[in-house]
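Dear colleague,

I am handing over the structure that we discussed, and I would be grateful if you could look through it alongside the notes below.

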Amino acid sequence: MHPALSVIFFTVASGAGFGLVMLTISLHLLGGVPGMPGSGTLAAIIVGVLLATLGLLASTLHLANPRNAWRAFFRFRTSWLSREAVLSVLFYPCVMLYALGLWLSGGELNWWSAIAGALAMLLALATVFTTGMIYASLRTIPQWNSPLVPANYLLLSLASGAVLLAAVTAAFGGRVDSVAMVALVVLVMAGIAKGIYYFWIGKPQGPRINTALGITRSRIRMLEPGQSSDSFLNREFSFQAAAERILQLRLVVYVCGFILPFLMLVVLLRTDAAILALLAPLVVIGGLLAERWLFFAEARHVVNLYYGRQQC
């Protein structure tokens with residue numbers, strides 16, 4: 001698949017924003033981050049909502065006809081894209097009520113802000129899940145058609161959100177140790193899940209030219225293509241990345257997305273160097289941008305069989 005920058009930015013930014021909101025509300029409902037004032041919790045919510053909003057707005061840049069975007073809201077029963085659109089819109093009034101409750105009470109919870117916060121947290125979780133399911137539901141792309149895809153989307157969202165929450169906590173003078181421990185756990189889980197995904201797509205996925213024709217004893221090759229001119233299918237679904245580049249970017253994903261932030265948070269726990277908490281989100285976002293580029297570049301649409309290209 002051709003990696004579209006708008007979709008890469010959308011999935012990374014909205015995932016981090018929703019992850020930050022989910023973890024902030026979860027910890028607040030459980031008693032809050034030790035030492036962090038209500039203004040810090042409110043700031044974390046605002047940062048999360050801004051990131052999610054920027055990501056959702058960026059997703060419209062990938063539309064061929066943005067004026068028809070409203071149609072996405074009317075296929076909720078059958079379309080994961082429609083479910084994502086509806087759930088993301090429902091998220092906003094809930095999180096606004098929760099933020100209003102924080103602002104009016106100085107960071108204290110009351111019954112209606114707690115209910116609004118719990119609903120916002122669940123809607124953020126559901127939105128990230130539906131984003132992953134948009135890709136996991138596509139049987140025509142074997143590398144995406146797996147429960148590993150929404151699982152990775154959720155874990156990477158929580159990992160980036162946890163690292164961002166550690167940065168906000170450090171900026172507002174709260175105790176970073178509890179948030180850093182949560183971030184360490186989620187980073188490890190996300191790294192393992194991503195490793196399982198890379199191992200899985202390393203095996204042959206989906207049909208090949210031989211299996212499509214039912215011929216197993218001979219190697220089939222196409223003598224002439226089905227069309228003589230370029231098309232949308234060629235441009236969008238026939239992107240090829242060099243194997244060496246893929247390996248290099250996988251290394252970037254693990255070093256920047258998991259290893260470096262993990263080490264930075266470990267050092268932070270031992271030295272209280274708050275600057276590490278502020279730098280870690282930048283490193284994580286860089287790693288996730290590479291991860292999401294690979295997510296699209298390594299996908300192989302079955303339409304490639306029509307052009308004589310074997311599936312990976």
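The notes that follow go from the overall fold to the core and then to the surface.

Please bear in mind that this is a predicted model, in which local features need pLDDT of at least 70 and side-chain atom pairs count only at pLDDT 80 or more, while totals for chains, interfaces and linings use all residues. Residues are numbered from 1 along each chain as its sequence is written, and side-chain values use heavy atoms, with hydrogens and water left out.

The protein chain has ten helices and zero strands, where helices (H or I, at least four residues) and strands (E, at least two) are DSSP runs numbered from the N terminus. Its radius of gyration, taken over C-alpha atoms, is 21 Å, close to the 20 Å that the globule rule gives for 312 residues, so the chain is as compact as a globular protein of that length; the rule is 2.2 Å times the number of residues to the power 0.38. Along its principal axes the C-alpha trace spans about 70 × 45 × 30 Å. Of the contacts (heavy atoms within 4.5 Å) between residues at least 6 apart in sequence, 80% join residues at least 24 apart.

Buried residues account for 49% of the 312 in the chain, with buried meaning under 20% relative accessible area, exposed over 50%, and partly exposed in between (1.4 Å probe, protein chains only). The largest nonpolar core, a set of buried Ala, Val, Leu, Ile, Met, Phe, Trp, Tyr and Cys residues joined through side-chain atoms within 4.5 Å, has 91 residues, of which Phe91, Tyr135, Trp144 and Leu265 touch the most other members. Among the helices that each supply at least two residues of this core are α1 (5-29), α3 (80-105) and α9 (243-271), and α5 gives the most, with 13 residues. Not counting residues up to four places away in sequence, Phe91 touches Phe18, Val21, Val49, Ala120, Leu123 and Ala124.

Thr41, in helix α2, counts as buried at 8% relative accessibility; leaving aside neighbours within four places in sequence, Thr41 is in contact with Thr24, His28, Met36, Tyr98 and Leu102.

On the surface, Val89, which lies in helix α3, is partly exposed, with a relative accessible area of 44%. Together with Trp70, Phe73 and Phe74, Val89 makes a nonpolar surface patch of about 430 Å². Patches are made of residues with over 30% relative accessible area and no salt bridge (a side-chain nitrogen of Lys or Arg within 4 Å of a carboxyl oxygen of Asp or Glu), with like charges joined within 9 Å and nonpolar side chains (Val, Leu, Ile, Met, Phe, Trp, Tyr) within 5 Å; accessible areas come from the Shrake-Rupley method with a 1.4 Å probe, and for residues only the protein chains shown count as cover.

With best regards
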